[in-house]
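Colleague: I'm new to this one, and I'd like to know where the labels come from. Can we go through it together?
Modeller: Sure, here it is.

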Amino acid sequence: MPAPLPTAPSERTMASRIRSIVSGSIGNLVEWYDWYVYSAFSLYFAPAFFPKGNLTAQLLNSAAVFAVGFLMRPLGGWLMGTYADRHGRKAALVLSVLLMCGGSLLIALTPGYDQIGVAAPVLLVLARLLQGLSVGGEYGTSATYLSEMADQKNRGFFSSFQYVTLLGGQLLALLVQLGLQQALSELQMYDWGWRVPFVIGAGAALVALYLRRHMEETDSFVVQEQQAENASPEPGKLQVLLRYPLEILTVVGLTLGGTIVFYTFTTYAQKFLVNTAGFSKADASWISFVTLAVALVLQPLFGAVSDRVGRRPVLLFFGIGATLGTVPLMTLLGRTHSQWAALGLLVVAMIIMSGYTSINAVVKAELFPTAIRALGVGLPYALTVALFGGSAEYVALQAKQLGVESWFYWYVTFCAALSLLVYWRMPDTQKTSRLDN
């Protein structure tokens, strides 16, 4: 006699969904705060970890370490995605925040180059490798968790909170930076002040750990566990994922332009304002803070729009805007000396960018079945981000040092155009979603 079909979990109330999404999102915020503190404070700690040189050379060294952290993200996407598909979304999210905590604490406690020589940048690289492993698994697992926890009618809205908290992590990093800039002298910031945000991040990770230990597991994973004895594919296996080549290529294609545009107008923009436009560090921090706050507010709005009109039109808005707008926006931003003009240009960039950031998580989750969803979302995304997003800042600084900075603008435009082709040809995943299976 065939085994009886498992009983589906009881229907969640909206309040229950919101509590779970909030708990998962706060942990996500802490993870991304820890990740972006590195970028926000690299202007101050680069001289501590690397030999003396000009500012651009030191920033290149810190940007190279930033990129090295990204090289661990595919490994994190693979290991943590596999773990999440086999042992649960909740278990993987708890593990990822522990790794992030360890990396932040290591950076906070590592002596500078003058004290321990080459060991300082070596330990910095080790810390970023830990953080890269963590955040590589965080994206795919949290995207899967939020998408599975949301109800069908509001999936774009609720999943957009992944980037709300991602941008919130950046904002929190900048807020800490602005507070320290007001409380400490520039000499103190260079001497020891840059260590404070990493200590804060390690402590906040413990709070996130508590919240994640008390989250609910998603219904999709619970049903999969109930069906495990009758299921043919083993959850989370790489060879199972390879049965979905079109879906994998779609994730790579839709991520390519989005990740480069995101890192260009968020993490790199602050350095661009200082190193190219000539703004002070404090002014660049305030401009970046306001533009990221605008972007944070835009995420749920664009997510809600995608629930009404579909995912594809929102992605096309981003693809067209980024392809046509990157060169003029970057050119004008590099030439302006007005804080208001710089703010306006970056706000336009945030509006365009939100067409990708608000819904990219749910689009990817809608492509894959439950058994390999976290791995399918996380691994191809992490590979693409490691190759293109993580290197964006380094490529930009190299172009500047070689005297051909505008080449970087065209590089971003070309990648956005490739993604636009993917958006044009792909189906609307809201209509073909495997989250409903």
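Colleague: What makes arginine 434 and glutamate 247 a salt bridge?
Modeller: Bear in mind that this is a predicted model. Their side chains meet at 3.1 Å, N to O, and the cut-off is 4 Å, so the pair counts as a salt bridge. It ties distant parts of the chain together: arginine 434 sits in the segment after helix 21 (429-432), while glutamate 247 belongs to helix 13 (residues 245-265), 187 residues apart.

Colleague: Why is arginine 434 called partly exposed?
Modeller: Its relative accessibility is 27%, and partly exposed covers what falls between 20% and 50%, so the label fits. Glutamate 247 has 15%, which is under 20%, so glutamate 247 is buried.

Colleague: How many salt bridges are there by this rule?
Modeller: Nine. One of them joins arginine 311 to aspartate 307, with the closest N and O atoms 3.0 Å apart, and both of those residues are buried. Salt bridges that share partners also join Asp85, Arg89, Glu148 and Arg373 into one network.

Colleague: How do you know that aspartate 85 and arginine 89 belong together?
Modeller: The closest N and O atoms of aspartate 85 and arginine 89 are 2.7 Å apart, and that is within 4 Å, so they form a salt bridge. Aspartate 85 has a relative accessible area of 0%, and arginine 89 has 0% too. Both values are under 20%, so both residues are buried.

Colleague: What does the side chain of glutamate 148 make polar contacts with?
Modeller: One contact, of 2.8 Å, is with the side chain of arginine 89. Another, of 2.7 Å, is with the side chain of arginine 373. Glutamate 148 has its place in helix 6 (residues 119-149). Leaving aside neighbours within four places in sequence, glutamate 148 touches several residues, including Thr218, Phe221 and Leu435.

Colleague: Is glutamate 148 buried or exposed?
Modeller: Buried: the relative accessible area of glutamate 148 is 9%, and that is under 20%, so the word applies.

Colleague: Let's turn to the rings. Why is the pair of tyrosine 38 and phenylalanine 45 called edge-to-face?
Modeller: The structure holds 22 aromatic pairs. In this one, the ring centres are 4.9 Å apart and the planes are at 65°. An angle over 60 degrees counts as edge-to-face, so that is the name it gets. Tyrosine 38 and phenylalanine 45 are both buried.

Colleague: What makes tryptophan 286 and phenylalanine 289 an aromatic pair?
Modeller: Their centres are 6.2 Å apart, and the limit is 6.5 Å, so they pair. With 80° between the planes, this pair is edge-to-face. Both residues lie in helix 15 (residues 281-309), three residues apart, about one turn of the helix. Tryptophan 286, at 44%, is partly exposed, whereas phenylalanine 289, at 19%, is buried.

Colleague: Which residues do ring pairs link into a cluster?
Modeller: Trp32, Tyr36, Tyr163, Phe262 and Tyr263.

Colleague: Which arginine lies over the face of tyrosine 38?
Modeller: Arginine 128, at 4.3 Å from the ring centre. Arginine 312 lies over the face of tryptophan 424, at 5.7 Å from the ring centre.

Colleague: Last one: why is helix 8 called mostly covered?
Modeller: Of the 23 residues in helix 8, 17 are buried. Helix 8 (residues 161-183) reaches 32 Å from its first C-alpha to its last, close to the 33 Å expected.

Conventions:
Residues are numbered from 1 along each chain as its sequence is written. This is a predicted model: local features need pLDDT of at least 70, side-chain atom pairs count only at pLDDT 80 or more; totals for chains, interfaces and linings use all residues. Side-chain values use heavy atoms; hydrogens and water are left out. Rings of Phe, Tyr and Trp (its six-membered ring) pair if their centres lie within 6.5 Å; planes under 30 degrees apart count as stacked, over 60 as edge-to-face and the rest as tilted. Buried means under 20% relative accessible area, exposed over 50%, partly exposed in between (1.4 Å probe, protein chains only). Helices (H or I, at least four residues) and strands (E, at least two) are DSSP runs, numbered from the N terminus. A charge sits over a ring if NZ of Lys or CZ of Arg is within 6 Å of the ring centre and within 35 degrees of the ring normal. The expected span of a helix is 1.5 Å times one less than its number of residues. A polar contact is a pair of N or O atoms within 3.5 Å; within protein, one must be able to donate a hydrogen and the other to accept it, and residues adjacent in sequence count only if both atoms are side-chain atoms. Contact means heavy atoms within 4.5 Å.
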